[in-house]
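Got your viewer open and a selection box ready? Let's walk through this model stop by stop, picking out residues as we go.

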Amino acid sequence: MSFFSAALTRRFFGALLAAGAALAMAGTALAQGRDATPSGFTGKVFVNEGGGVRIHTYMADPKGAMVTTHIIEGQSGLIMVDAQFAADSAREVRRYVDSLGKPVERLYISHEHPDHWFGLHHFGHMPVHTGPLTAKFLNERAAQMIARNKADSSPPQVGGVVTEGPHVVAGVTLNISMIRDAEAAEELIIEVPAVGAIIVQDFVYNNLHAFVTRHLDNWIQALDGLERRTDNKTIVLAGHGEPTGHAAFGEMKVYLQAVKPLLLTNIGKPEQADAIAKEIADKFPNRRMPYLLKWGLSFALPN
């Protein structure tokens with residue numbers, strides 16, 4: 001079931017922000033990279049580097065669902081991946097990008113979910129590059145979603161549709177692939193060989209509960225593939241939570257395998273979302289923001 005097979009209501013949108021605001025930043029996973037958070041920021045910044053390339057990862061605070069934006073810094077300019085959810089977080093990313101003193105040569109949107117692009121409005125009218133299904137969604141439905149949620153946003157302008165394979169942007173080689181029908185209808189995977197990093201976005205929620213869908217088998221299979229094509233030295237850049245390592249793929253599979261039977265045996269019973277979320281939260285006490293799981297179940301459970 002797609003994230004958007006049911007209407008995204010302002011009730012859920014507002015509740016996510018309220019739930020995130022109430023949570024602390026406690027957790028057990030160690031972050032990968034140097035802490036480069038500027039003074040006064042509510043979000044955090046981590047830097048990983050290698051081969052003359054730096055990746056700056058901005059992670060929002062809980063009010064912004066701990067969404068990440070990755071800024072790949074090459075010799076001539078910057079590449080951004082995703083544009084945040086909450087307006088305050090997006091403005092912090094904009095300040096950080098401006099502080100680097102290089103132009104943004106390309107902005108990728110990893111997938112259609114609005115927590116990764118509502119904040120784009122605060123970067124000006126910067127065109128985005130994304131996969132074909134996401135481009136179609138943004139062109140046809142972004143304005144309606146913004147209006148429905150009264151979001152501080154504007155519809156993205158699609159500047160290019162991404163193809164799979166190697167791309168050189170800002171002097172940096174990227175290996176791009178796409179996976180369909182897992183956490184979202186389509187998701188970009190961006191490898192940065194110089195740094196030994198892979199940007200997987202919402203295939204991994206690092207020490208956070210996940211927005212689940214009915215496509216858990218595809219999601220688990222995709223995690224298997226990502227795990228096999230990387231190694232223990234790989235830096236894994238998640239869509240929610242701190243930069244992490246190779247073990248995150250296995251941890252995410254264990255989590256989804258625990259959710260799967262509870263979800264599938266309760267299709268058509270949306271009233272079970274609270275009970276399932278509580279059971280999974282009790283089983284995985286180190287994962288934060290259980291509201292993300294409840295939110296996903298509210299879309300996945302109804303017929």
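Start by selecting Asn207, which is buried at a relative accessible area of 11%. You will find Asn207 in the loop between strand 12 and helix 4 (216-228). Check its backbone: Asn207 is not a glycine, yet its phi is positive, at about 60°. For background, most residues other than glycine have a negative phi.

Now step back into strand 12 (residues 197-205) and pick Gln201. Here too phi is positive, about 45°, in a residue that is not a glycine. Is Gln201 buried or exposed? Gln201 is buried, with a relative accessible area of 0%.

**Colour by confidence**

This is a predicted model, so a look at pLDDT is worthwhile before going further. The protein has a mean pLDDT of 91, and 90% of its residues are at 70 or more. Select residues 1-9 next: pLDDT remains under 50 throughout, and the model gives this stretch 29 contacts beyond four places in sequence. Residues 17-29 also have pLDDT below 50, with 23 contacts in the model beyond near neighbours in sequence. Where pLDDT is low, the predicted coordinates should not be read in detail.

**A pair of helices**

Show helix 6 (residues 273-283) together with helix 7 (residues 291-300). Their axes are 9 Å apart, and the helices pack at an angle of about 145°. The handedness of this crossing is right-handed. To see who meets whom, display the side chains of Ala273, Asp274, Ile276, Ala277 and Ile280 from helix 6, then Leu293, Lys294 and Leu297 from helix 7. Of the residues in this contact, six are nonpolar, two are charged and none is polar.

**Salt bridges**

Side chains of opposite charge can pair when their charged atoms come close. How many salt bridges does a search of the whole structure find? The search finds 15, and a few make good stops.

Stay close to the loop between helix 6 and helix 7 and select Arg288, then add Glu242 from the loop between strand 13 (235-240) and strand 14 (244-245). Their side chains form a salt bridge, at 3.3 Å from N to O. The two residues are 46 apart in the chain, so this pair links distant parts of it. Both Glu242 and Arg288 are buried.

Then try Arg180 and Glu186, another salt bridge, whose closest N and O atoms are 3.5 Å apart. The burial of the two partners is worth checking: Arg180 is partly exposed, with a relative accessible area of 45%, whereas Glu186 is buried at 1%.

For a pair within one helix, go to helix 2 (residues 87-100) and select Asp88 and Arg91. Their side chains meet in a salt bridge with an N to O distance of 2.6 Å. Why are Asp88 and Arg91 separated by about one helical turn? They are three residues apart in helix 2, which means a spacing of about one turn. Arg91 is partly exposed, at 39% relative accessibility.

For the last stop, select Arg34, Glu49, Arg54, Glu73 and Lys102 together: salt bridges with shared partners join these residues into one network.

How values were computed. Residues numbered from 1 in each chain as written. Predicted model: local features only at pLDDT ≥ 70, side-chain atom pairs only at ≥ 80, totals over all residues. Heavy atoms only, no water. pLDDT = per-residue confidence, 0-100. Contact = heavy atoms within 4.5 Å. Axes fitted to C-alpha atoms, helices over the stretch in contact; angles between N-to-C directions. Helix = DSSP H or I, 4+ residues; strand = E, 2+ residues; numbered from the N terminus. Left-handed = near helix turned anticlockwise from the far one by under 90°. Nonpolar A, V, L, I, M, F, W, Y, C, P; charged D, E, K, R; others polar. Salt bridge = Lys/Arg side-chain N within 4 Å of Asp/Glu carboxyl O. Buried < 20%, exposed > 50% of the residue type's maximum accessible area, 1.4 Å probe, protein only.
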